[in-house]
Amino acid sequence: MVFNPLELGKKVSKIVCKNDKRLYYRFRGGAFYGGIATADTVGCNLRCVFCWSWRSSHQIPKDAKLLAAEEVSSKLIEIARRRGYSLARITGGEPTLCSSHLLRVIDLVNEEGLLFILETNGILMGYDEKLAREIAKRNVFVRVSIKAPTPEKFSKITGASKEFFEYPFKALENLIRAGHPVRMMRASVVLGYGSEKEYAELLRRLASIHPELADVEWEIITLYPSVKRRLEKKGLLPSVYSVP
Ligand code: SF4
């Protein structure tokens, strides 16, 4: 049975966000983007079969703690300073679920000169133009993940109703309308769930929003053993993948 990710997002937010605090279970450095201070949070509004972080996006780790934006940003800043990074991010779940908390974390890391990388599934920013306007006021590179090239495949992979396939595209449109520079956003497209024609159509769609958006980042699923098991069980192994 498919679900409405806006409704699921509300339910999950009630559990993972409290009084502008949010649940986190880990802080670390990371090699992505040439080095980035990373906070691993809890909770998502999608249920992607290939999610590498399903233990935190679909469940609540036992050691997760509610933290204020000030605590999260000071840990990120400390990691960045120690390792010489200029970037920070929140991953492990959907960062936009607790939007006031997220915006405060971004403000605090921006004040320390760090660029925030927002990795998002785009559902909430596609729904809420005001959130896109708030993001556009800040020093943020937005990476919007597009899980599949067609609404049907999107629904099978994420569990969400197929009309929400549109929302990541709307998120990019909302950001552009809010004046966020196109060089500060990118679509990240998961490979292996459609024909060449379907992916070509997806690129045309992105180019119609802005020509530079056709320059996408291709995302290749890594078949970690648990990811492989879940994909096989659902009959959703991608045609392209990497092995760990
Ligand atoms: S949107 Fe990201 S965090 Fe959420 S379920 Fe999908 S892959 Fe996992």
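I began with the secondary structure and counted 10 helices and 9 strands in the protein chain; I keep in mind throughout that this is a predicted model.

Next I looked up the overall dimensions, and found that the C-alpha atoms of the protein chain fill a box of roughly 45 × 40 × 35 Å when it is taken along the principal axes. The radius of gyration is 17 Å, which agrees with the value near 18 Å that a compact globule of 244 residues would have.

I then turned to packing, where buried residues make up 40% of the 244 residues in the protein chain. Looking at contacts with a separation of 6 or more, I noted that 75% of them are accounted for by residues 24 or more positions apart.

For the ligand, I listed the residues that surround it, and they are Cys44, Leu46, Arg47, Cys48, Cys51, Ser53, Ser57, Gly93, Glu94 and Asn121. Sorting this shell by residue class, I obtained 4 nonpolar, 4 polar and 2 charged residues.

My last entry concerns a single residue, Gly113, which I located in the loop between helix H4 (99-111) and strand S6 (115-120). Is Gly113 buried or exposed? I put Gly113 down as exposed, because it has 10 C-beta neighbours inside 10 Å and the cut-off for exposed is 12 or fewer. I also checked Gly113 against Ile77, which lies 36 residues away along the chain, and the C-alpha atoms of these two residues are separated by 9.4 Å.

Conventions:
Residues are numbered from 1 along each chain as its sequence is written. This is a predicted model: local features need pLDDT of at least 70, side-chain atom pairs count only at pLDDT 80 or more; totals for chains, interfaces and linings use all residues. A residue is near a molecule or strand if its C-beta atom, placed from the backbone, lies within 6 Å of it. Ala, Val, Leu, Ile, Met, Phe, Trp, Tyr, Cys and Pro count as nonpolar, Asp, Glu, Lys and Arg as charged, and the others, Gly among them, as polar. Helices (H or I, at least four residues) and strands (E, at least two) are DSSP runs, numbered from the N terminus. The radius of gyration is taken over C-alpha atoms; the globule rule is 2.2 Å times the number of residues to the power 0.38. A residue is buried if 20 or more other C-beta atoms lie within 10 Å of its own, exposed if 12 or fewer, and partly exposed in between; C-beta atoms are placed from the backbone. Two residues are in contact if their C-beta atoms, placed from the backbone, lie within 7 Å.
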